[in-house]
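User: I would like to go through the aromatic contacts in this model and the reasons behind the labels they carry. Could you start with the criterion for a pair?

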Protein chains: 2
Amino acid sequence: MTETPDALSVALAYYHCWTGKDFAKAMTYIDPDITCDAPAGRLRGADAFRGFMEPFSRIVRRAELLAAFGDEETALLMYDTDTVPVPGAPGAEWHTVRAGRIVHMRIVFDRAPFDAARRAAAQDPS
Amino acid sequence: MTETPDALSVALAYYHCWTGKDFAKAMTYIDPDITCDAPAGRLRGADAFRGFMEPFSRIVRRAELLAAFGDEETALLMYDTDTVPVPGAPGAEWHTVRAGRIVHMRIVFDRAPFDAARRAAAQDPS
């Protein structure tokens, strides 16, 4: 028996906080020693994680949870987002949760349209 | 009561076929009228789906299922792959299953390293 919430509850609480623009509250679900495997590589620790994820959360205009499942220790989410530079930017996250906090996260999303938007903005800074 | 398999069983059977290089058998789990939302856009029908996914399956050197969940109608998978041009290329798939076949699939993966590998190969065709 445990009084800690199951992994899916933690994952969903985190998701609803960051998509709801409350990143400070979102961070209460993140372990200080989180490792996060993102497309650009591994991030170690809550500060590095926040430095990656909070700027993304600020450019999200719409977020829609497509699917969410979990068991005692892990959760798997897929969502769609519209962002300021890129509409239709889905992502998937696999969380490992211990004692109510996310200790590992693997994030999958397509960097290609963000790279293209960055290149276009650099060519036309108007 | 139904005699059709649940969505996760179908999703896993499909996964093990395509990662096991038996794409003909993998296609037996794909509905003829599948719609597949992939990073490059929407694919309609089994032929278009196969034209997208089978070439990818041929360049996969290693596949590892990271997480898989499902309910009666849907399944969500995340896997890691090493491919010929790109090592460490994870993907996530959200399946909707009817009567034992996948009728909708949303695939999320990062095109950026594949684009980079293609550009590098074009610059050095040796």
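Analyst: Rings of Phe, Tyr and Trp, with the six-membered ring taken for Trp, count as a pair if their centres lie within 6.5 Å. In this structure, which is a predicted model, that criterion gives 17 aromatic pairs over all chains.

User: Why is the pair of A:Tyr14 and A:Phe49 called tilted?

Analyst: The ring centres of A:Tyr14 and A:Phe49 are 6.1 Å apart, with 50° between the planes. Planes under 30 degrees apart would count as stacked and over 60 as edge-to-face, so the 50° angle leaves this pair as tilted.

User: What makes this pair a tie between parts of chain A?

Analyst: A:Tyr14 belongs to helix 1 (residues 7-19), whereas A:Phe49 belongs to helix 3 (residues 46-58), so the pair ties together parts that are 35 residues apart in sequence.

User: How do you know whether A:Tyr14 is buried or exposed, and A:Phe49 likewise?

Analyst: Buried means under 20% relative accessible area. A:Tyr14 has a value of 0% and is therefore buried, and A:Phe49, also with 0%, is buried as well.

User: Why does the pair of A:Tyr15 and A:Tyr79 count as tilted, and which elements does the pair tie together?

Analyst: With 5.7 Å centre to centre and 40° between the planes, the A:Tyr15 and A:Tyr79 pair falls within the 6.5 Å limit, and its angle is neither under 30 nor over 60 degrees, so the label is tilted. A:Tyr15 lies in helix 1 and A:Tyr79 in strand 4 (residues 74-83), so parts that are 64 residues apart in sequence are tied together. A:Tyr15 is buried at 2% relative accessible area, and A:Tyr79 counts as buried at 3%. Both residues belong to one aromatic cluster, whose members also include A:Trp18, A:Phe56, A:Phe109 and A:Phe114.

User: What makes chain A as compact as a globular protein of that length?

Analyst: The radius of gyration of chain A is 15 Å, close to the 14 Å that the globule rule gives for 126 residues, so chain A is as compact as a globular protein of that length. The C-alpha trace spans about 60 × 30 × 20 Å along its principal axes, and buried residues make up 50% of the 126 residues.

User: Which elements make up chain A, and in what order do they run?

Analyst: Chain A has four helices and six strands, and from the N terminus on they run α-α-β-β-α-β-β-β-β-α.

Notes. Residues numbered from 1 in each chain as written. Chains lettered and ligands numbered in written order. Predicted model: local features only at pLDDT ≥ 70, side-chain atom pairs only at ≥ 80, totals over all residues. Heavy atoms only, no water. Helix = DSSP H or I, 4+ residues; strand = E, 2+ residues; numbered from the N terminus. Buried < 20%, exposed > 50% of the residue type's maximum accessible area, 1.4 Å probe, protein only. Rg over C-alpha atoms; globule rule 2.2 N^0.38 Å.
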